Amino acid sequence: MMNKLGSFVLLGLLAGEPLMAQDAAEGATVFQRRCAACHTLDGSNRVGPSLQGLVGREAGTAEGFRYSGAMEDSGLMWDAETLVQYLENPRDMVPGTRMVLRLPDEEDRRNVVEFLSTQ
């Protein structure tokens, strides 16, 4: 009989995805270092929209922020996987978006998304 850890590892391997534990505390650090110059978590907008309540929100809908037409028309819903993909290269995913910052490291992206899911 396989123990719980062995089952978890086997499921991860069968899914074909690398096993990565998301770390919201590390995500907060990455957010402060890479995102906070343009985004807030308190509902106020800066150069970029507030990211408060981002996970589960339709793209281009933060109140009071003027989005690009590309973002407004993207039809995206911000769930964890969509955000991880978007943060890798925003302009590839939504050509015409104003967001230029990329997070090339997948672990950083996943940690930031985990952090944002708590906000």
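S68 sits in the loop between α2 and α3, and in this predicted model it counts as buried because its relative accessible area is 8%, under the 20% cut-off. Leaving out residues up to four places away in sequence, S68 touches G96, T97 and R98. The side chain of S68 also has a polar partner: one of its polar atoms lies 3.1 Å from the backbone nitrogen of M71. M71, for its part, is listed among the residues with the most contacts inside the largest nonpolar core.

Y67 belongs to the loop between α2 and α3 as well. With a relative accessibility of 10%, Y67 falls under the 20% limit and so counts as buried. Its contacts, once neighbours within four places in sequence are set aside, are P49, R57, G60, T61, A62, E72 and R98. For A62 there is a polar side to this, as the backbone nitrogen of A62 lies 3.2 Å from a polar atom of the Y67 side chain. R98 turns up in the contact list of Y67 and in that of S68. Y67 and G48 are 19 residues apart along the chain, and their C-alpha atoms are separated by 8.7 Å.

V47 gives another picture of the loop between α2 and α3. Here the relative accessibility is 65%, over the 50% mark, so V47 counts as exposed. Beyond its neighbours within four places in sequence, V47 is in contact with C38 and F65. Measured out in sequence terms, V47 and M99 are 52 residues apart, yet C-alpha to C-alpha they are 9.5 Å apart in space.

Now for the pocket. The largest one holds about 530 Å³ of space. Of the 28 residues that line it, H39, G48, P49, Y86 and M99 are the closest to its centre. Helices α2 (24-35), α4 (80-88) and α6 (106-116) are the elements that give two or more residues to this lining. Split by class, the lining has 20 nonpolar, 5 polar and 3 charged residues. Some of the central names come up elsewhere: P49 is a contact of Y67, and M99 is a contact of L87.

The largest nonpolar core draws on these helices too. It has 24 residues, and F31, M71, W78, Y86, L87 and L116 have the most contacts inside it. Each of α2, α4 and α6 supplies at least two residues of this core. Y86 therefore has two roles in the description, being among the residues with the most contacts in the core and among those closest to the centre of the largest pocket.

Within α4, the buried residues are T82, L83, V84, Y86 and L87. The cover over them includes α3 (69-72), α5 (90-93) and α6. L87 shows what this looks like for a single residue: apart from neighbours within four places in sequence, it is in contact with M99, L101, R102, L103, R109, V112 and V113. Of these, R109, V112 and V113 are also buried residues of α6. At the start of α4, a side-chain oxygen of D79 reaches to within 3.3 Å of the backbone nitrogen of E81.

A similar arrangement opens α6, where a side-chain oxygen of D105 reaches to within 3.2 Å of the backbone nitrogen of E107. α6 is mostly covered, with 8 of its 11 residues buried. These are D108, R109, R110, N111, V112, V113, F115 and L116, and the buried residues of α6 pack against α2 and α4. On the α2 side, Q32 of that helix is 9.8 Å from V112, C-alpha to C-alpha, with their positions 80 residues apart in sequence. Q32 itself counts as exposed because its relative accessibility of 54% is over 50%.

As for the chain overall, there are 6 helices and 0 strands, and 35% of the 119 residues count as buried. Among contacts between residues at least 6 apart in sequence, 39% join residues at least 24 apart.

Terms used:
Residues numbered from 1 in each chain as written. Predicted model: local features only at pLDDT ≥ 70, side-chain atom pairs only at ≥ 80, totals over all residues. Heavy atoms only, no water. 1 Å grid on protein atoms, 1.4 Å probe; cavity = no way out; pocket = protein on both sides within 12 Å on 5 of 7 lines; lining within 4 Å. Points joined across faces, edges and corners; volume = space filled by probe spheres on them. Helix = DSSP H or I, 4+ residues; strand = E, 2+ residues; numbered from the N terminus. Nonpolar A, V, L, I, M, F, W, Y, C, P; charged D, E, K, R; others polar. Core = buried A, V, L, I, M, F, W, Y, C linked by side-chain atoms within 4.5 Å. Buried < 20%, exposed > 50% of the residue type's maximum accessible area, 1.4 Å probe, protein only. Contact = heavy atoms within 4.5 Å. Polar contact = N/O pair within 3.5 Å; in protein donor to acceptor, adjacent residues only side chain to side chain.
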